[in-house]
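Please open the structure in your viewer and keep the selection tool at hand. The tour below proceeds from the whole chain to single elements.

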Amino acid sequence: MDIRSAKFVTSVAESKHILKDGKKEIAFVGRSNVGKSSLINMLTKKNKLAKTSSTPGRTRLINYFLINDDFYFVDLPGYGYAKASKSMVEGWQSMIEPYLLENPQLYLVCMLVDSRYEPTEQDKQMLKFLTYYQIPFIIIATKCDKFGKSQIKPQMQKIANYLGVGVTNVFASSGEKLIGRNEILAKFDQFLDDSNYADDEEVEAEE
């Protein structure tokens with residue numbers, strides 16, 4: 001995938017305002033301060049496209065970024081912020097769940113985890129949610145610049161073991177060093193290619 005253009009389009013604060021314009025979407029979800037904005041900036045090579053913050057829990061909206069005038073990157077509110085009030089957490093859930101469950105434009109969810117630590121209980125719950133509802137996903141491990149080159153692959157295997165997924169579903173990344181950019185974008189191409197869905201339908205029809 002060659003990202004030629006990327007621009008912020010809109011933010012929505014309520015599920016009823018989720019965009020329904022027919023464009024495909026790749027969503028990014030993860031705990032607060034895991035680096036979703038940094039990853040989006042790295043993938044698009046636009047350092048100020050998605051606003052980053054040192055304060056966890058700052059992203060409370062669903063943010064849409066139009067890529068190549070063709071599809072969206074969607075930054076979802078972070079979860080797992082310890083200081084969030086109960087009403088705030090419920091508000092985030094009331095946006096995220098309808099977005100994930102009632103969205104035919106959603107082609108892939110990128111679940112981000114911090115590569116330096118064992119995935120949290122919230123991470124495991126999110127993965128269970130995606131698996132239960134058969135929502136296509138990949139795992140992206142952020143902040144891999146903290147490891148030496150020879151340490152990254154074993155660390156990805158550890159994360160895969162923690163989450164109970166195949167290591168081929170776990171992608172290393174770093175916003176600072178552009179680690180994983182080409183591999184992640186190539187994976188996006190696979191999910192956005194409608195011929196893959198057509199092939200699946202043909203197989204089911206033959207059966």
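Begin with the whole chain shown as a surface: its accessible area comes to about 11,200 Å², and 47% of this belongs to carbon and sulfur atoms. Such areas are computed by the Shrake-Rupley method with a 1.4 Å probe, and for residues only the protein chains shown count as cover. The model is predicted, so local features need pLDDT of at least 70 and side-chain atom pairs count only at pLDDT 80 or more, while totals for chains, interfaces and linings use all residues. Residues are numbered from 1 along each chain as its sequence is written, and side-chain values use heavy atoms, with hydrogens and water left out.

**The whole chain**

Change to a cartoon view. The chain has six helices and seven strands; these are DSSP runs numbered from the N terminus, with H or I over at least four residues for a helix and E over at least two for a strand. From the N terminus on, the order of elements is β-β-α-β-β-α-β-α-β-α-β-α-α. Of the 207 residues, 46% are buried, where buried means under 20% relative accessible area, exposed means over 50%, and partly exposed lies in between.

**The sheet**

Select the seven strands next. They form an open sheet in the order 1-3-4-2-5-6-7, with mixed pairing. Strand 1 (6-12) and strand 7 are the edge strands, each pairing on one side only. Two strands pair if DSSP finds at least two bridges between them.

Now select strand 2 (residues 25-30) and strand 4 (residues 71-75), which pair in the parallel sense over four bridges. Which residue of strand 4 is the bridge partner of A27? The partner is V74.

Add helix 5 (181-192) to the selection. Helix 5 packs on the sheet and touches strand 2, strand 4, strand 5, strand 6 and strand 7. Contact here means heavy atoms within 4.5 Å. The direction of helix 5 makes about 150 degrees with that of strand 5; the axes are lines fitted to C-alpha atoms, for helices over the stretch in contact, and angles run from 0 to 180 degrees between N-to-C directions.

**Helix 3**

Select residues 121-132, which form helix 3. Its buried residues are D123, M126, L127, F129 and L130. Seen down the axis, these buried residues fall within an arc of 160 degrees, so they line one face of helix 3; the arc is that of the directions from the helix axis to the C-beta atoms. On the other side of helix 3, E121, K128 and Y132 are exposed. Just after helix 3, select Q134, which takes a positive phi of about 55 degrees.

**Helix 4**

Move on to helix 4 (residues 149-163) and select I152, Q155, M156, I159, A160 and L163, which are buried. Why do these residues line one face of helix 4? Seen down the axis, they fall within an arc of 145 degrees, so they share one face. Their cover includes strand 5 (106-114), helix 3, strand 6 (137-142) and strand 7 (170-172). The face turned away from the buried side carries the exposed residues S150, K153 and N161. Just after helix 4, G164 takes a positive phi of about 75 degrees.

**A last stop**

Finally, select L178 in the loop between strand 7 and helix 5. At 42% relative accessibility, L178 counts as partly exposed. Add M42 to the selection: L178 and M42 are 136 residues apart in sequence and 6.4 Å apart in space, C-alpha to C-alpha.

Definitions and conventions
Buried < 20%, exposed > 50% of the residue type's maximum accessible area, 1.4 Å probe, protein only.
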